[in-house]
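Please look through the sequence and the 3D structure shown here, and keep both at hand while reading the report that follows.

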Amino acid sequence: MKLRNLIVLFAVVLLAGFLACGEDQPQVEPEDVDTDELVEVAEPAEPVVTDMPVEVPMTDEEKMAYVMENCICPDCPSWIPEAAEKGEGGYCATGASECIVLEAGCVCPTCPVTAEMGLEWGYYCTRGSAEEMMNDEE
Ligand code: SF4
Ligand code: SF4
């Protein structure tokens with residue numbers, strides 16, 4: 001056999017062997033994929049944007065300012081002019097009055113401070129602050 005024929009024969013054998021190797025590889029069809037084994041890639045978390053105001057607790061100074069601004073004691077039958085002259089009010093926070101002594105009615109239950117602060121008492125001008133009332137009950 002001539003050298004040229006030998007080379008052609010060798011090339012044919014080599015090509016046949018190469019093709020045979022490719023046929024041994026298992027072919028994965030799409031329907032053979034086990035979907036349970038797929039790993040879900042989580043979407044990056046979106047930043048939460050909300051229009052809801054974030055409630056920040058009031059400081060003691062802010063609470064006192066709120067009480068004095070919203071106090072309705074001057075509309076109360078127990079209120080006297082002298083209390084206004086002394087700049088009193090907000091007895092639920094400040095404690096008893098220096099001048100009101102007669103309990104002629106109390107409008108504290110209708111005051112916005114009562115609802116806002118969750119107060120449960122009244123007649124703070126004669127009986128003391130809400131904190132004192134609470135302590136008396138304990
Ligand atoms: S609850 Fe009574 S004392 Fe307190 S702020 Fe209101 S009206 Fe004034
Ligand atoms: S504490 Fe109550 S009773 Fe006293 S002045 Fe205020 S609303 Fe009237």
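Glu 98 is exposed, with a relative accessible area of 68%, and in this predicted model its side chain meets that of Lys 86 in a salt bridge, at 3.7 Å from N to O. Lys 86, for its part, is partly exposed, with a relative accessible area of 43%. The two residues belong to distant parts of the chain, since Glu 98 sits in the loop between helix 4 and helix 5 (112-117) while Lys 86 sits in the loop between helix 3 and helix 4, 12 residues apart.

**Salt bridges**

The count of salt bridges comes to 2. Besides the pair just described, Glu 103 forms a salt bridge with Arg 127, and here the closest N and O atoms are 2.8 Å apart. Glu 103 lies in the loop between helix 4 and helix 5, whereas Arg 127 lies in helix 6, so this pair ties together parts that are 24 residues apart in sequence. Glu 103 is partly exposed, with a relative accessible area of 39%, and Arg 127 is also partly exposed, with a value of 46%. The table sets out the two pairs.

| Salt bridge | N to O distance |
|---|---|
| Glu 98 and Lys 86 | 3.7 Å |
| Glu 103 and Arg 127 | 2.8 Å |

**The chain as a whole**

How many helices and strands does the protein chain have? It has 7 helices and 0 strands, and, when the chain is read along its sequence, the pattern is therefore written with helices alone, as α-α-α-α-α-α-α. Of the 138 residues of the protein chain, 23% count as buried. The chain exposes about 11,300 Å², and carbon and sulfur atoms supply 58% of that area. If one takes the contacts between residues at least 6 apart in sequence, 53% of them join residues that are at least 24 apart.

**The aromatic pair and the nonpolar core**

The structure holds 1 aromatic pair. The ring centres of Trp 79 and Tyr 91 are 6.3 Å apart and the ring planes stand at 50°, so the pair is tilted. To follow that reasoning, it helps to know that planes under 30 degrees apart count as stacked and planes over 60 as edge-to-face, with the rest counted as tilted. This pair, too, links distant parts of the chain: Trp 79 is in the loop between helix 2 (60-70) and helix 3 (81-85), and Tyr 91 is in helix 4 (residues 91-94), 12 residues apart. Both Trp 79 and Tyr 91 are buried.

These two rings also appear in the largest nonpolar core, which has 20 residues; Trp 79, Tyr 91, Cys 92, Ile 100, Val 113 and Tyr 124 are those with the most contacts inside it. The elements that give two or more residues to this core are helix 2, helix 4, helix 6 (124-127) and helix 7 (130-137).

Tyr 124 gives a closer view of the surroundings of one core residue. Leaving aside its neighbours within four places in sequence, Tyr 124 is in contact with residues including Tyr 91, Cys 92, Leu 119, Ser 129 and Met 133. Ser 129, which lies in the loop between helix 6 and helix 7, is buried, with a relative accessible area of 7%. With neighbours within four places again left aside, the contacts of Ser 129 are Tyr 91, Cys 92, Ala 93, Gly 95, Ala 96 and Tyr 124.

**Cysteines and an exposed proline**

Why does the sulfur of Cys 99 make no bond with the closest cysteine sulfur? That closest sulfur, in Cys 125, is 8.9 Å away, which is too far for a bond, given that a disulfide needs the two sulfur atoms within 2.5 Å. The structure as a whole holds 0 disulfides. Cys 99 is buried, with a relative accessible area of 10%, whereas Cys 106 is partly exposed, with a relative accessible area of 26%.

Cys 106 and Pro 77 are 29 residues apart in sequence, while their C-alpha atoms are 7.0 Å apart in space. Pro 77 is found in the loop between helix 2 and helix 3, and, at 52% relative accessibility, Pro 77 counts as exposed. Apart from its neighbours within four places in sequence, Pro 77 is in contact with Ala 104, Gly 105 and Val 107.

Definitions and conventions:
Residues are numbered from 1 along each chain as its sequence is written. Chains are lettered from A and ligands numbered from 1 in the order in which they are written. This is a predicted model: local features need pLDDT of at least 70, side-chain atom pairs count only at pLDDT 80 or more; totals for chains, interfaces and linings use all residues. Side-chain values use heavy atoms; hydrogens and water are left out. Rings of Phe, Tyr and Trp (its six-membered ring) pair if their centres lie within 6.5 Å; planes under 30 degrees apart count as stacked, over 60 as edge-to-face and the rest as tilted. Helices (H or I, at least four residues) and strands (E, at least two) are DSSP runs, numbered from the N terminus. Buried means under 20% relative accessible area, exposed over 50%, partly exposed in between (1.4 Å probe, protein chains only). Contact means heavy atoms within 4.5 Å. Accessible areas come from the Shrake-Rupley method with a 1.4 Å probe; for residues, only the protein chains shown count as cover. A nonpolar core is a set of buried Ala, Val, Leu, Ile, Met, Phe, Trp, Tyr and Cys residues joined through side-chain atoms within 4.5 Å. A salt bridge is a side-chain nitrogen of Lys or Arg within 4 Å of a carboxyl oxygen of Asp or Glu.
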